[in-house]
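Reader: I am new to this structure and would be grateful for a close look at one part of it. Please choose a single residue, describe its surroundings in detail, and then place it within the whole.

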Amino acid sequence: MSDKEIAARCGVTRQAVSKRLEPSKPPLMVKANALVPWNVLAGCAGERTHHTAYPLESLKMLLRLRMGDTSLSLR
């Protein structure tokens, strides 16, 4: 079933299904995330949003690259 079909059957959004079905993070991604000592918060309630995540995600990818993560692609 597609995420959209699962969402319709369960009465949730497609995004909620996608989030729950995310594959587990590779060990170097977990390690890179742990090396960043801050969270980017910007939403009205202080939650992280996709608008503020990009610089932090770029930093985490740089950390993974420098730690030798071979699962990164050029895209």
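Author: A salt bridge is a side-chain nitrogen of Lys or Arg within 4 Å of a carboxyl oxygen of Asp or Glu. The structure holds one salt bridge, and its acidic partner, aspartate 69, is the residue examined here. The model is predicted, so that local features need pLDDT of at least 70 and side-chain atom pairs count only at pLDDT 80 or more, while totals for chains, interfaces and linings use all residues. Residues are numbered from 1 along each chain as its sequence is written, and side-chain values use heavy atoms, with hydrogens and water left out.

Aspartate 69 lies in the segment that follows helix H4, which spans 50–66. Helices (H or I, at least four residues) and strands (E, at least two) are DSSP runs, numbered from the N terminus. The salt bridge joins aspartate 69 to arginine 64, with 2.8 Å between the closest N and O atoms. In general, side chains of opposite charge can pair when their charged atoms come close.

The side chains of aspartate 69 and arginine 64 also make a polar contact, at 2.8 Å. A polar contact is a pair of N or O atoms within 3.5 Å; within protein, one must be able to donate a hydrogen and the other to accept it, and residues adjacent in sequence count only if both atoms are side-chain atoms. Another polar contact, of 2.6 Å, links the side chain of aspartate 69 to that of serine 71. Leaving aside residues up to four places away in sequence, aspartate 69 touches Leu28 and Arg64, where contact means heavy atoms within 4.5 Å.

Aspartate 69 counts as buried because its relative accessibility is 8%; buried means under 20% relative accessible area, exposed over 50%, and partly exposed in between (1.4 Å probe, protein chains only). Arginine 64 is buried as well. By contrast, leucine 65, in helix H4, is exposed, with a relative accessible area of 54%. Its C-alpha lies 9.4 Å from that of alanine 32, and the two residues are 33 apart in sequence.

As for the whole, the protein has four helices and zero strands, in the order α-α-α-α from the N terminus. Buried residues make up 16% of its 75 residues. Among contacts between residues at least 6 apart in sequence, 33% join residues at least 24 apart.
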